[in-house]
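Hi,

Here is the structure I promised to pass on. Have a look at it first, and then read on for what turned up.

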Amino acid sequence: MQNGKLGSYLSLHLIVFIWGFTAVLGALISINADALVWYRMLLAAVFLVLFIVFKKKSFSVPPKELFKLIFVGFLIAIHWIFFFKAIHVSNVSITLAVFSLGAFFASLLEPLFYGRKVLWYEVFFGLVIIAGLGIILQVEMNYFEGMIYALASVIVGVLFTLINGKLTDRHESSVITFYEFMAGVVFISIYFLFENKFTADFFILTANDWILLLILSSICTAYAFTASVKVMRKLSPYTIMLTTSLEPVYGIVLAYFILGGKEKMSFEFYIGALLIVLTVILNGIVKHYFTDKE
């Protein structure tokens, strides 16, 4: 693996670890999922503005590209709302486990977006991921509602990852992320206005929620999301989605130590998680082998 790609791959694992911690924060923050996403995207956009101004980068984006960023921002907002809703109606473990399906959906959709043929090993590894997920969830069907929300979040997440993969080569990652987040804030704000959710109580949060939101929006969002956009320039969307299959492993370990025994999973979970980890490793080996053959 070339040094540039190796660095990107290691950065991706750090980002995935942070995303695992994001789920824990979502469980600890007491506000509703849609309000949580609104605060998250707004605060993250503020952090990004400060970064862009500090780096003296241009906010200029062609109108045609801006419309694409607005659409992606809408998808990101929906993705996160479903994500945190899944955590609130089930738990961190179930939500993150379902996210392993992202690799399979990416293996089917990426060829359509990038005009390449379907690779047999991508589909195969995606199916193995599903097998691992099946092992994890076979005794957890009482969390069915959470699984549905998590599945919807995964599908939307794959879509915006694929679209972002086409935008990263043309624009600065922090600028792309800023416009996407602001678009998400606007979409959610319009919904809140129609639902009359912008009340005085909406803006009254506990000190604990404010602290957790600041961590969530700065480290877990502004930094992690911008860094992930940079990684997209070096790695394929499928590899990104497959590596994020490690998010359940990172997230469950963190949840167990931070949230306590309610996040303790069955023996089947650890078997499924091991299967997912091995699949990620094998994917890297197979991709490296076939790249050298070309």
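Please keep in mind that this is a predicted model. Let me start with helix H2, which runs over residues 33-54. Its 22 residues reach 32 Å from the first C-alpha to the last, close to the 32 Å expected at 1.5 Å a residue. After H2 comes Lys-56, with a positive phi near 55°.

Next, the charged pairs. How many salt bridges does a search of the whole structure find? The count is 2.

One of them involves H2 again: the side chains of Asp-34 and Lys-197 meet at 2.7 Å, N to O. Asp-34 lies in helix H2, while Lys-197 sits in the loop between helix H8 (173-195) and helix H9 (207-231), so this salt bridge ties together parts that are 163 residues apart in sequence. Asp-34 is buried, at 13% relative accessible area, whereas Lys-197 counts as partly exposed at 28%.

There is also a salt bridge between Lys-68 and Glu-65, where the closest N and O atoms are 3.4 Å apart. Both residues belong to helix H3 (residues 63-89) and are 3 residues apart, about one turn of the helix. Why does that spacing suit a pair? An α-helix has 3.6 residues a turn, so residues three or four places apart point the same way. Side chains of opposite charge can then pair when their charged atoms come close. As for burial, Glu-65 is buried with a relative accessible area of 9%, and Lys-68 is partly exposed at 34%.

Happy browsing, and all the best!

Conventions: Residues numbered from 1 in each chain as written. Predicted model: local features only at pLDDT ≥ 70, side-chain atom pairs only at ≥ 80, totals over all residues. Heavy atoms only, no water. Helix = DSSP H or I, 4+ residues; strand = E, 2+ residues; numbered from the N terminus. Expected span 1.5 Å × (residues − 1). Salt bridge = Lys/Arg side-chain N within 4 Å of Asp/Glu carboxyl O. Buried < 20%, exposed > 50% of the residue type's maximum accessible area, 1.4 Å probe, protein only.
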